[in-house]
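Welcome! Below are a few short exercises, each with a solution worked out in steps. Have a look at the model first, then try each task before reading on.

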Amino acid sequence: MSAARGRMLRRLAALVAITGLVIWSVWRWHRQPRLRQLSGTTMGTYFDLKIVLPAGGGWDDLKMGDLAADIEECLKDVNAKMSTYIPDSELSRFNRHPDASPVKASPELLDVLLLAREISELSGGAFDITVGPIVNAYGFGPVARRDRLPADDELEALRDRVGFRKLVIDEAAGTIAKQRPDIYCDLSAIAKGYGVDRVADLLEERGIADYMVEIGGEVRARGRNQDGRPWRIGVQKPVDDPLGEHLGVQRILELTGAAVATSGDYRNFVLDEGGRRISHSIDPRTGRPV
């Protein structure tokens, strides 16, 4: 591994280490008097919010500050329930649960697990939150990255721990349980989108109908931007430039009343012994990168 690549991976590791710490910028005034923007970090990635304030409504600095604080608490709550990087999160405690006895789950975690199970069934297991042990084996989880890739026999053993039907969800009782004690759930592919929805719901509760919310490539937009047009979302070119020094735009999407998610191996990957790029997107059915 080159020194530059090593420095890049260390910087990424440092970013992941601050999962759960949300650093907020101040609300910034733009030329358009009703546009506000808030940005920072959450869930080990970047967060960006833009809103167009409704006319009237007394949106002074104090009210904006209250909204920013409520959004921060909202995202902290999602982290506290669903992060694998926070040792005492609700999900982390369940992953450490040593047996098959049921565990009481919060309504929020239960909702996400039920949705994850539905997507797993619809996709024939292509989406599966129990893929966590294999994700960790490749070094894409909360553990430190390894100096080698998992061997075939190791992957075969880990695949025995994967399978969304091994997670038992009792919606009526509000409990979750494991069919085997070494099941490990990873919500990285769904929790950011859930966080986006939580923030969007909060904005709508406050009467804000024109907004764009993004967390790490998961985007939801409603209404119009400050120019009265649909929100314009730039999708980066998938170039091999992990430090982001030569980024361009592949396509601009116009989005309103809809959501979009992106993910690419041009940023988050490891290299095998031959220099081949190994994607962070793992197929749970094979235990290998897509």
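**Exercise 1. Overview**

How many helices and how many strands are there in the chain?

*Solution.* Start by keeping in mind that this is a predicted model. Counting along the chain gives seven helices and 14 strands. Next, look at burial: of the 290 residues, 44% count as buried. Finally, turn to the contacts with a separation of 6 or more: 57% of them join residues 24 or more positions apart.

**Exercise 2. The largest nonpolar core**

Find the residues that touch the most other members of the largest nonpolar core, and the elements that build this core.

*Solution.* The core has 44 residues, and the ones touching the most other members are Ile51, Ile71, Leu187 and Leu203. Now for the elements: two or more residues each come from β2 (45-52), α2 (61-82), α3 (90-96), α4 (107-122), β4 (167-170), α7 (191-205) and β6 (210-215). Helix α2 gives the largest share, eight residues. One last step is to search elsewhere: apart from this core lies another, made of twelve residues, including Val135, Ala137, Phe140 and Ile278.

**Exercise 3. Two helices side by side**

Work out whether α2 and α7 are roughly parallel or roughly antiparallel, and describe their contact.

*Solution.* First take the geometry: the axes of α2 and α7 are 10 Å apart, and the helices pack at an angle of about 150 degrees. Angles over 145 degrees count as roughly antiparallel, so α2 is roughly antiparallel to α7. The crossing of α2 with α7 is right-handed.

Then list the residues in contact:

- From α2: Leu67, Asp70, Ile71, Cys74, Leu75, Asp77, Val78 and Met82.
- From α7: Ala191, Tyr194, Gly195, Arg198, Val199, Leu202 and Leu203.

Sorting these residues by type gives eleven nonpolar, one polar and three charged. Two names here may be familiar from Exercise 2: Ile71 and Leu203 are among the residues that touch the most other members of the largest core.

**Exercise 4. A closer look at Thr175**

Is Thr175 buried or exposed, and which residues does Thr175 touch?

*Solution.* Begin by locating Thr175: this residue is in strand β5, which covers residues 175-178. Its relative accessibility is 15%, and buried means under 20%, so Thr175 counts as buried. Leaving out residues up to four places away in sequence, Thr175 touches Pro102, Val103, Lys104, Ala105, Leu110, Val168, Ile169 and Asp170. Take Leu110 from that list: Leu110 and Thr175 are 65 residues apart along the chain, yet their C-alpha atoms are separated by 7.9 Å.

Note on methods: Residues numbered from 1 in each chain as written. Predicted model: local features only at pLDDT ≥ 70, side-chain atom pairs only at ≥ 80, totals over all residues. Heavy atoms only, no water. Core = buried A, V, L, I, M, F, W, Y, C linked by side-chain atoms within 4.5 Å. Buried < 20%, exposed > 50% of the residue type's maximum accessible area, 1.4 Å probe, protein only. Helix = DSSP H or I, 4+ residues; strand = E, 2+ residues; numbered from the N terminus. Axes fitted to C-alpha atoms, helices over the stretch in contact; angles between N-to-C directions. Parallel < 35°, antiparallel > 145°, perpendicular 65-115°, else oblique. Left-handed = near helix turned anticlockwise from the far one by under 90°. Contact = heavy atoms within 4.5 Å. Nonpolar A, V, L, I, M, F, W, Y, C, P; charged D, E, K, R; others polar.
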